[in-house]
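Please walk through the salt bridges of this structure and then the surroundings of one tryptophan. Explain how the elements involved are linked.

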Amino acid sequence: MEPIADDFARFSEDIVIGADASFIDFVTTADERQTRLVDSGDRLAGLVSLSDLQQLPVRAALFTLISRLEMAMAQWIENEWRGDGVSGWLELLSGERRQRILDSIGKAKQEDGFGSEISFSQISDKATIIRKKRLVPGIGSSLARNFQAIQKLRDGIVQ
């Protein structure tokens, strides 16, 4: 028979999060710690877990945050290739993705619903462009994993 202590994690700072922390503070470490104790001054005020991220207000806030990131990525790409049009950044995408975007642009122009070329790309396309052009410092594979995690989080929120 094993001692009960073998089945429990020792109390430490890495299982505690401050009551004044934003939910982003929790999300960024949720992969390592899916449940955290909430500390408020000299007492434990509650418990937060991954399931709390499914609450509507949190989902809406996360979706807004990721949407703002995608808009910033689009602006960054447009600024980087200002004057080059769609051809500069489009070359960094696969042939299939490139053709899909060109088809969408052509259809929008025919239906008089055209905006910006980059708006026809997906968040994954923007991530590929930024990574391949090395607009964000960092190792390519880890940057790709970070973008994939962001997209996975966003896709999970939408469902």
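In this predicted model, a search of the whole structure finds 3 salt bridges. They are taken one by one below, together with the burial of the residues that form them.

One of them joins the side chains of Glu-70 and Lys-126, with an N to O distance of 2.9 Å. Glu-70 belongs to helix H2 (residues 56–80) and Lys-126 to helix H5 (residues 123–133), so this pair ties together parts that lie 56 residues apart in sequence. Glu-70 has a relative accessible area of 17% and is buried, because buried means under 20%. Lys-126 is buried as well, with a relative accessible area of 3%.

Helix H5 also supplies a partner to another bridge. Asp-125 forms a salt bridge with Arg-97, and the closest N and O atoms are 2.6 Å apart. Since Asp-125 sits in helix H5 and Arg-97 in helix H4, the pair ties together parts separated by 28 residues in sequence. Asp-125 counts as buried at 2% relative accessibility. Arg-97, with a relative accessible area of 17%, is buried too.

The remaining bridge is between the side chains of Arg-100 and Glu-96, at 4.0 Å from N to O. What separates these two residues along helix H4? Arg-100 and Glu-96 are 4 residues apart in helix H4 (residues 95–110), which means a separation of about one helical turn. This bridge therefore lies within helix H4, whereas the Glu-70 and Lys-126 pair links helix H2 with helix H5 and the Asp-125 and Arg-97 pair links helix H5 with helix H4. Glu-96 counts as exposed, at 59% relative accessibility, because exposed means over 50%.

The tryptophan comes next. Trp-89 is found in helix H3, which covers residues 86–90. Is Trp-89 buried or exposed? At 3% relative accessibility, Trp-89 counts as buried.

Which residues does Trp-89 touch, leaving out those up to four places away in sequence? The contacts are Ile-77, Trp-81, Ile-101, Glu-117, Ile-118 and Ile-129. Among them, Ile-77 falls within the range of helix H2 (residues 56–80) and Ile-129 within that of helix H5 (residues 123–133). Ile-101 falls within the range of helix H4 (residues 95–110). A further pairing concerns Ile-130: Trp-89 and Ile-130 are 41 residues apart in sequence, and their C-alpha atoms are 9.1 Å apart in space.

Key:
Residues are numbered from 1 along each chain as its sequence is written. This is a predicted model: local features need pLDDT of at least 70, side-chain atom pairs count only at pLDDT 80 or more; totals for chains, interfaces and linings use all residues. Side-chain values use heavy atoms; hydrogens and water are left out. Buried means under 20% relative accessible area, exposed over 50%, partly exposed in between (1.4 Å probe, protein chains only). Contact means heavy atoms within 4.5 Å.
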